[in-house]
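Work through the exercises below with the model open beside you. Try each task before reading its solution.

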Amino acid sequence: MRQTRRDFLRHATLAACAAAIPRSAFAATPFEDVVAKVARQQLLPDTYPETEIWGYDGLVPAPEIRVAQGDRVRRRFRNEVPDPSSVHWHGIRIDNAMDGVSGLTQEPVAPGETFDYDFVVPDAGTYWYHAHNRSYEQVARGLRGALIVEEANGPDIDREEVIVLEDWLLDPESGQLFDNFEQPMMMSHGGRIGNFITTNGRYDLTLSAKRNERIRLRIINAASARIFPLTLSGLSGWRVAVDGMPIGQPQQIDGELILGPAQRVDLIVDVTEDEGGVAHLLRIGDDDQPTPLVSFPIDGTASSVPRGKPLPLPPNPAANAPDLADARDLRLVMSGGAMGRMQSALLGGERLGFRQLAQAGKFWALNDVADMTDTPLADLSLNEPVRLKIENQTVFPHAMHLHGMHFRELRPDGAFGPMRDTILLAGNESREIAFTADNPGKWLFHCHMLSHAASGMTTWIRVT
Ligand code: C2O
Ligand code: CU
C-alpha cells in the first residue's frame with residue numbers, strides 16, 4: 001500500500017519522539033539487586049566492637065549507584081531487615097509510582113518480599129537513596145547511600161570523590177546504636193543528633209592528593225538531623241551545584257558552607273596547601289572548633305599551577321522557573337516543638353490539646369495539622385505555577401524537602417535562587433519557594449529531620 005502523507009507524518013512523529021528519549025531507556029537492562037540487610041561494621045576505632053547496622057547490601061554507606069544521565073535504573077529491592085521498608089530516590093524527578101514512599105506511593109515491602117524499581121534519571125547530579133518507611137529509625141540505622149548521575153560532558157577535573165556524611169547515636173560502652181528512636185525529647189527538640197560522625201563509613205577518612213590536583217567533591221548530608229557547617233583548609237575552589245542541580249556560574253568558596261539534612265553540594269577544588277602537607281574538609285563543631293571530615297595528605301604534584309575558575313556545569317533539562325504572574329499562593333505555617341507555643345492541633349481530624357498530642361507522639365504541626373491526612377496541602381493542576389511561603393514559627397531549624405520536583409527559593413528582592421529539593425530554615429525564619437507543578441502524582445513535603453517528619457512535620461501535594 002502506498003503511504004499517505006498522513007501515515008508519513010505519523011511515522012515521522014514517532015521517530016522524532018523516539019529520538020528524544022535516550023536509547024538506553026529501551027535497553028533491556030536486567031534488574032540488579034539491592035538488599036536491605038542487618039550487618040556489622042567497624043565504625044568506631046578498633047578498640048571497640050563492630051556496630052550492628054542496617055545497610056543496603058549490608059554496607060554503610062550503601063554501595064554507590066552510578067549511572068549516566070538519561071539511563072534507565074532498574075533495581076530489585078529485597079527486604080531482609082525485620083521491618084517493612086521501601087526505597088526513596090531522593091531528588092530524582094521520577095515517576096510517582098517509583099518514588100518509594102511507604103503508605104503514599106506504594107505499600108511497604110514486608111520482610112522477605114521484593115519490589116521492582118524501574119525509572120529513568122533525567123537530570124545529572126548528586127542524589128541519594130534511602131529507606132522511606134519509619135525513616136527516623138531505618139535511615140538512622142544506616143539505610144542510605146549515594147546515587148550519582150553523570151553528565152555526558154563532565155567538568156575538567158583530575159578525579160572526583162563522593163563524600164557521604166553520616167551521624168550515629170551510639171552507646172559509648174557497647175558501641176551499638178541506642179534504640180530510643182521514638183524518644184519524646186529527641187522528637188520535640190532537634191531530632192536524632194548523633195554523638196559520632198562518619199564520612200563514607202569511617203571516622204578517619206584519608207584520601208591522598210597531589211598539589212594542584214583538581215577534585216570534584218560531591219558532598220551528601222545523609223544524617224538524620226545534623227546540620228553540617230563545612231569549611232576547607234588547603235583546598236580552594238568553587239561551588240558548582242546544589243541538591244544535584246548546577247547553579248550556573250561557579251561561586252568561589254569563602255567561609256562556611258552550611259549543609260542541612262538531605263542537602264548536597266558539589267565543589268570543584270584545587271589542592272593548594274603548601275604548609276603542613278595535609279589539606280582538609282572540615283566541619284565546624286558546636287564549640288566553633290573545626291574537626292576534619294576528610295584528610296588529604298599531599299603526595300606529589302599534579303601540575304605546577306592551579307587551573308583557575310572552572311566552567312559552569314552543563315544545565316539540566318529541569319528548569320523550574322515558574323511564571324509568578326499566575327502563580328497559586330500557598331502558605332505553610334510550621335509550629336510546635338519544645339519551647340513552642342502549640343496549644344493544640346488537629347490529629348485524625350480532631351482537635352487535641354498539647355498533652356494528648358504528646359501522648360500520640362506528635363510535637364509539631366503544619367498548618368495546624370499534626371498528621372498526614374487524606375487531604376493534601378494543595379491540589380494542583382499539571383504545570384500550575386506555585387508560590388509557597390513557609391513560615392517557621394518554631395525555635396528550631398528545619399530542612400523542608402519536596403519530592404518529585406525541584407523548586408527555587410524566591411528571595412526577598414524577587415530574584416530566584418538555585419534549584420533545590422531541600423531548603424533549610426533557621427528558627428523563626430520565613431522563606432518563599434516557587435515551582436511549576438510539572439510532575440503528576442502524590443508528592444510528600446516534609447522536614448528531613450526525620451524524627452520531626454514522624455512527629456507532625458509531614459504533608460503532601462497532589463498534582464493532576
Ligand atoms: Cu529524602 Cu521523603 O525524603
Ligand atoms: Cu524539622
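**Exercise 1.** Find which residues Ile-163 touches, not counting residues up to four places away in sequence.

*Solution.* Use C-beta atoms placed from the backbone; two residues are in contact if these lie within 7 Å. Ile-163 then touches Thr-199, Asn-200, Leu-217, Arg-218, Ile-219, Ile-220, Leu-281 and Val-294. This is a predicted model: local features need pLDDT of at least 70, side-chain atom pairs count only at pLDDT 80 or more, and totals for chains, interfaces and linings use all residues. Residues are numbered from 1 along each chain as its sequence is written, while chains are lettered from A and ligands numbered from 1 in the order in which they are written.

**Exercise 2.** Place Ile-163 in the largest nonpolar core, then state where that core lies.

*Solution.* Start with the terms. A nonpolar core joins buried Ala, Val, Leu, Ile, Met, Phe, Trp, Tyr and Cys residues through C-beta atoms within 7 Å. Buried means 20 or more other C-beta atoms within 10 Å of the residue's own; exposed means 12 or fewer, partly exposed in between.

- The largest core has 112 residues.
- Ile-163 is among those with the most contacts inside it, as are Leu-147, Leu-165, Ile-220, Leu-281, Ile-433 and Trp-443.
- Strand 17 (residues 264-271) gives the most, with 5 residues. Strands (E, at least two residues) and helices (H or I, at least four) are DSSP runs, numbered from the N terminus.
- Domain 1 (33-74 + 123-316) and domain 2 (324-463) both contribute, so the core lies between them. The bounds come from an automatic or database domain assignment.

**Exercise 3.** Describe the contact between the two domains from the side of domain 1.

*Solution.* Count first: 24 residues of domain 1 are in contact with 24 residues of domain 2. Helix 2 (135-138), helix 3 (184-188) and strand 15 (245-252) each give two or more residues to the domain 1 side. Helix 3 has the largest share, 4 residues. Taken over C-alpha atoms, the domain centres are 26 Å apart.

**Exercise 4.** Is strand 8 (residues 144-150) largely enclosed or left open, and which strands pair with it?

*Solution.* Check burial. 6 of its 7 residues are buried, so strand 8 is largely enclosed by the rest of the structure. Next, pairing, which requires at least two DSSP bridges between two strands. Strand 3 (residues 62-68) pairs with strand 8 in the parallel sense over 5 bridges. Here Ile-65 has Leu-147 as its bridge partner. Strand 7 (residues 125-131) pairs with strand 8 in the antiparallel sense over 6 bridges. There Trp-128 stands opposite Ala-146.
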